[in-house]
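Colleague: Hey, got a few minutes to walk me through this one? I'd like to poke at a few spots.

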Amino acid sequence: MTSADISVPGRVAERGSRGLWGDAMRRMLRNGPALVGLALITLFVLAALLAPVIAPYDPIAGALVDRLKGPSGAHLFGTDLQGRDEFSRILYGAQISLQVGVVAVLMGLAMGGTIGALAGSFGGKVDAVLMRFVDVLLSVPGILLAIGIVAWLGRGLPQIMLAVAATTTPLFARLLRGSLLGLREADFVVAARSLGASRWRVLFRHMLPNALTPLIVAATLALATAIIDVAGLGFLGLGPPDPRTAEWGTMLTDSTRFLRQAPYLLFFPGAAIVLAAIGFNLLGDGLRESLDPRLKR
Amino acid sequence: MALLSVQDLVVRFRTHEGTVHAVNGVSFELDAGETLGLVGESGCGKSVTNLAIMRLLPRPAGYIDGGRVLFDGNDMVTMEESELRSIRGREVAMIFQDPMTSLNPVLTIEEQMVETIRAHRQLSRDEARRRAIELLTRVGIPHPETRLDSYPHQFSGGMRQRVMIAMALALEPKLLIADEPTTALDVTIQAQVLELLRGMTNELGTSVILITHDLGVVAGMTQRVNVMYAGFIVETGSTTEIFANPKHPYTVGLLHSIPRLDAEEAAPLIPIEGVPPDQRHEPVGCPFAPRCAWRIERCWTDNPPLAAVDAISSPPVLSGPQATHRVACHNQPTAEEAVAGRPLRSGFVAAPPPAGFVGPQDHVVEHDDELAAYAARDAR
């Protein structure tokens, strides 16, 4: 036996002191599907950020002579009816999807989070009123609610963001309220109160951080839904007001008329939507598994 | 004047199945520096009493329905929330049963300790940190400087309870309420933690209310005991007196349901038959009557008040080592009966329930876990 075999007593526990996030990170890196999701999303984000740099053509102006050309060396994903490069449009479309998706989910998180936090920490009448409002939102199918809001407020990116945010709000509100209600009687919350912590300190320092991880997971998963919702609105003709804007859902609608001549026009935007949604779903599931202490292996 | 005076405290819980009469007019006093044990089986109201004292009952279900809790002369029942907050932690602190769940899992020990100290004292972050290190050293945590940066899950159960003790005593409170502080720990660690608790509270002169169902802990740690049953204090007195001369059939039952290492011969354990009453019903008569071997007819209808065991003319002493031994019983077991654990009077039969009495006997027997385990062991 060499001296290297002898562990130093009292030092054992320090090896693992990377904290909650460090541990979660480590578990995440061992999770295959989550890494695939992470890769897809990295690709998606890079496409969005670097679109102006890597796009070979202008996404809006096309050359009519090049219309409806199949995939080739010159046009990787082919061209559409107006001769615009499909690959460039997919890259710019990622920008719209990412931007609208992220802003919408953040807005939903803010609205739902506020409602949930108020309901969960105050309880009683506040809880009852707020949750009935959430129930109303929840009783309308998400995409219908979004269509209604866009139809009501008019077309435009901010309206789309708000519409998609409204569909995610009830989810976050219920989730946070549920976690907070459970945490209200948690031993460490009662213990913190018994040591004189104020109501706000208990809420912000003890309850919210413990309710955050399911919210992060739900937000990641909601991004997938948001991207599909944005595309859905675009597909239904409620996309960005400028019809020339490269938006995946709108591109899908445009392509349906040339299904026979140019099936690739359906394939590429469809694949982009599916891959982005799958990416966020895999990452969300991976995050859930890494962050939930009950799934600790 | 007593440090803490609980007067006729009543606690109720609103539930879907009706109102639960959790605590039914409990009164007791506690002197500075005194250690009081609160014993009874699960659900007898011992924890609820103390949560009520701290005004930490789970809302909106639990509420105080009467009585006063005078701490240093101020009534904590009617106190403003802000006033209460300045008392919690600084004047009265609590330690909970399960050290695995009573620390916040997402904050480091340092964040939690420093936060508690700074909530009540005007100290800089560094000063508070130094105080935390001092406290961790005092409770026997090795390498406190590095362990401060650890998260609760990196500590063992015993170590976490030491951290809890350090936090609870950080502000040198006058009263410490320890709710089954060692129940979740294994036996060897239990002894260490209790020893630490006793050492530190002695040093600081802290009064302690120790909630437990472990009579061994009561015997070793407390000067005085309240025995609780179904939300009532059924017997109270100095610890030595209660152990030597139990006067309530329930206390007798408790003492006979634990094995004694010093017994001269293997005495059989006598389990307490039946189950505690359904506390959704307004208590009528003595709550222990349905399970009591000594009950007489009157017990079914008339709940006896807590009265001095020996007839005395002067008012009873409520706290301190000279506290009067008081019991709530119409038909107290004699010394011989207390030793035997059953009535010895020839021809005595426990009075049958009056016509129309709905008791808890029909329910599934559900003992306090520990008592059940002892009973099962004895049956083998």
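Modeller: Sure. Let's start with helix 3 of chain B, whose buried residues pack against helix 4 (125-138), helix 5 (144-147) and helix 6 (157-168) of chain B. Keep in mind that this is a predicted model.

Colleague: OK, which are the buried residues of helix 3 of chain B?

Modeller: They are Ile109(B), Glu110(B), Gln112(B), Met113(B), Val114(B), Thr116(B), Ile117(B) and Ala119(B).

Colleague: And how many residues does helix 3 of chain B have, and how far does it reach?

Modeller: Helix 3 covers residues 109-120, so to speak 12 residues, and spans 18 Å between its first and last C-alpha. That is close to the 16 Å expected at 1.5 Å a residue.

Colleague: Switching to the other chain for a sec. How many residues of chain B are in contact with chain A?

Modeller: On the chain B side 30 residues make contact, with 25 residues of chain A. Helix 2 (81-87), strand 6 (92-95) and helix 3 of chain B each supply at least two residues of that side.

Colleague: Which of them gives the most?

Modeller: Helix 3 of chain B again, with three residues on the side that touches chain A.

Colleague: What's that side made of, by class?

Modeller: The side of chain B that touches chain A has 14 nonpolar residues, 11 polar and five charged.

Colleague: New topic: strand 3 of chain B. Why is it largely enclosed?

Modeller: Strand 3 (residues 35-39) is largely enclosed by the rest of the structure because five of its five residues are buried. Both faces are covered, with Thr35(B), Gly37(B) and Val39(B) on one side and Leu36(B) and Leu38(B) on the other.

Colleague: Which strands does it pair with?

Modeller: There's strand 8 (residues 207-212) of chain B, parallel to strand 3 over five bridges. Strand 9 (residues 224-229) of chain B also runs parallel to strand 3, joined by four bridges.

Colleague: Who sits across from Val39(B) in strand 8? And what stands opposite Gly37(B) in strand 9?

Modeller: Val39(B) has Thr212(B) as its bridge partner in strand 8. For Gly37(B), the residue opposite in strand 9 is Val225(B).

Colleague: Last one: where is His330(B)?

Modeller: In the loop between strand 12 (326-327) and helix 11 (335-340) of chain B.

Colleague: Buried or exposed?

Modeller: In between: His330(B) is partly exposed, because 17 other C-beta atoms lie within 10 Å, and buried would take 20 or more.

Colleague: What does His330(B) touch?

Modeller: Leaving out residues up to four places away in sequence, His330(B) touches Ile296(B), Arg298(B), Cys299(B) and Pro304(B).

Methods. Residues are numbered from 1 along each chain as its sequence is written. Chains are lettered from A and ligands numbered from 1 in the order in which they are written. This is a predicted model: local features need pLDDT of at least 70, side-chain atom pairs count only at pLDDT 80 or more; totals for chains, interfaces and linings use all residues. A residue is buried if 20 or more other C-beta atoms lie within 10 Å of its own, exposed if 12 or fewer, and partly exposed in between; C-beta atoms are placed from the backbone. Two residues are in contact if their C-beta atoms, placed from the backbone, lie within 7 Å. The expected span of a helix is 1.5 Å times one less than its number of residues. Two strands pair if DSSP finds at least two bridges between them. Ala, Val, Leu, Ile, Met, Phe, Trp, Tyr, Cys and Pro count as nonpolar, Asp, Glu, Lys and Arg as charged, and the others, Gly among them, as polar.
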